Amino acid sequence: PDPRPSPTPEPARPRKRSRSLYDRLEAFVSNLTAKSTFAHRLASLIWLPYAFRSGIRIKRESESTFSAVLPFKKFNRNWYNAMAGASLLANSEIAGGMYIYGRCGGDFTVVCKRLTYDFLRPCFGPAVYRVTPKQDLDALIKAGDEFNFDIELDIVQSVPMMKEKRVGRCLATFHITPKSLHQRRAARRAQAAAPHPGGEQP
């Protein structure tokens with residue numbers, strides 16, 4: 001007989017969950033809209049019709065700087081020809097969410113949890129949203145877990161040949177979750193719901 005000890009069998013590796021066609025399509029669209037303003041505009045027509053009709057424009061100025069401009073168009077104005085408060089408020093969430101989405105990329109879900117808006121004065125021209133992050137977003141992303149992220153937005157009236165006027169101030173909290181974490185949770189739920197041999201439950 002062979003005196004050498006028999007090799008220890010390697011433990012079975014868990015099978016990697018294959019991504020569905022929907023998962024691959026969602027990842028493609030998410031990454032494309034995070035990098036291209038044209039793709040984001042086109043996607044808004046389908047998934048964010050209010051943002052598309054309001055005409056808000058997100059401009060990526062640098063790797064970490066964004067500006068958002070809400071045009072002074074009929075859809076956004078009220079009956080006395082000022083920017084409607086509902087438009088200023090609703091587009092605050094869109095501007096803040098797209099700032100975070102542009103920084104995180106398409107591998108995260110971004111959901112607004114809390115939004116407060118202070119109306120300071122009427123707005124009689126295009127509104128510019130300026131975002132100030134309250135935490136280090138890159139460090140929170142690097143940690144790899146879900147987290148809450150706070151931002152402050154200053155909303156100013158921007159009319160050519162006139163001094164800018166601050167018309168509003170907004171504080172928002174967004175919940176950011178890696179999509180990989182959603183997938184792991186879904187896999188655990190599916191495993192827990194799967195029938196076990198002999199009908200026994202774990």
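A salt bridge is counted here where a side-chain nitrogen of Lys or Arg lies within 4 Å of a carboxyl oxygen of Asp or Glu. The model is predicted, and local features need pLDDT of at least 70, side-chain atom pairs count only at pLDDT 80 or more, and totals for chains, interfaces and linings use all residues. Residues are numbered from 1 along each chain as its sequence is written, and side-chain values use heavy atoms, with hydrogens and water left out.

**Exercise 1. Find the salt bridge of lysine 134 and say which parts of the chain it links.**

Start with the contact: lysine 134 and glutamate 152 meet through their side chains in a salt bridge, at 3.3 Å from N to O. Next, place the two residues, using helices (H or I, at least four residues) and strands (E, at least two) that are DSSP runs numbered from the N terminus. Lysine 134 is in the loop between strand 4 and helix 5 (137-143), while glutamate 152 is in strand 5, and the pair links distant parts of the chain, 18 residues apart. Finally, consider accessibility, for which buried means under 20% relative accessible area, exposed over 50%, and partly exposed in between (1.4 Å probe, protein chains only). With a relative accessible area of 49%, lysine 134 is partly exposed.

**Exercise 2. State how many salt bridges the rule gives, and examine the ones formed by arginine 169 and by glutamate 164.**

The count comes to 6 salt bridges. One of them joins the side chains of arginine 169 and aspartate 118, with 3.4 Å from N to O. Because arginine 169 lies in strand 6 (residues 165-178) and aspartate 118 in strand 3 (residues 108-119), this pair ties together parts that are 51 residues apart in sequence. Arginine 169 is partly exposed at 27% relative accessibility, and aspartate 118 is partly exposed at 37%.

Glutamate 164 forms a salt bridge with arginine 130, and their closest N and O atoms are 2.9 Å apart. Since glutamate 164 lies in the loop between strand 5 (147-157) and strand 6, and arginine 130 in strand 4 (residues 127-133), the pair ties together parts 34 residues apart in sequence. Glutamate 164 counts as partly exposed at 36%, as does arginine 130 at 39%.

**Exercise 3. Describe the aromatic pairs in the whole structure.**

Rings of Phe, Tyr and Trp (its six-membered ring) pair if their centres lie within 6.5 Å, and planes under 30 degrees apart count as stacked, over 60 as edge-to-face and the rest as tilted. The search finds 2 aromatic pairs. Tryptophan 79 and tyrosine 80 form an edge-to-face pair, with 5.2 Å centre to centre and 80° between the planes. Tryptophan 79 is exposed at 79% relative accessibility, whereas tyrosine 80 is partly exposed at 44%. Tyrosine 117 and phenylalanine 119 form a tilted pair, with 4.4 Å centre to centre and 45° between the planes. Here tyrosine 117 is buried at 12%, but phenylalanine 119 is exposed at 51%.

**Exercise 4. Locate asparagine 81 and methionine 161, and describe their phi angles.**

Begin with the background: most residues other than glycine have a negative phi. Asparagine 81, although not a glycine, has a positive phi of about 65°. Asparagine 81 is found in the loop between strand 2 (66-70) and helix 4 (85-104), and is partly exposed at 42% relative accessibility. Methionine 161, also not a glycine, has a positive phi of about 70°. Methionine 161 has its place in the loop between strand 5 and strand 6, where it is exposed, with a relative accessible area of 85%.
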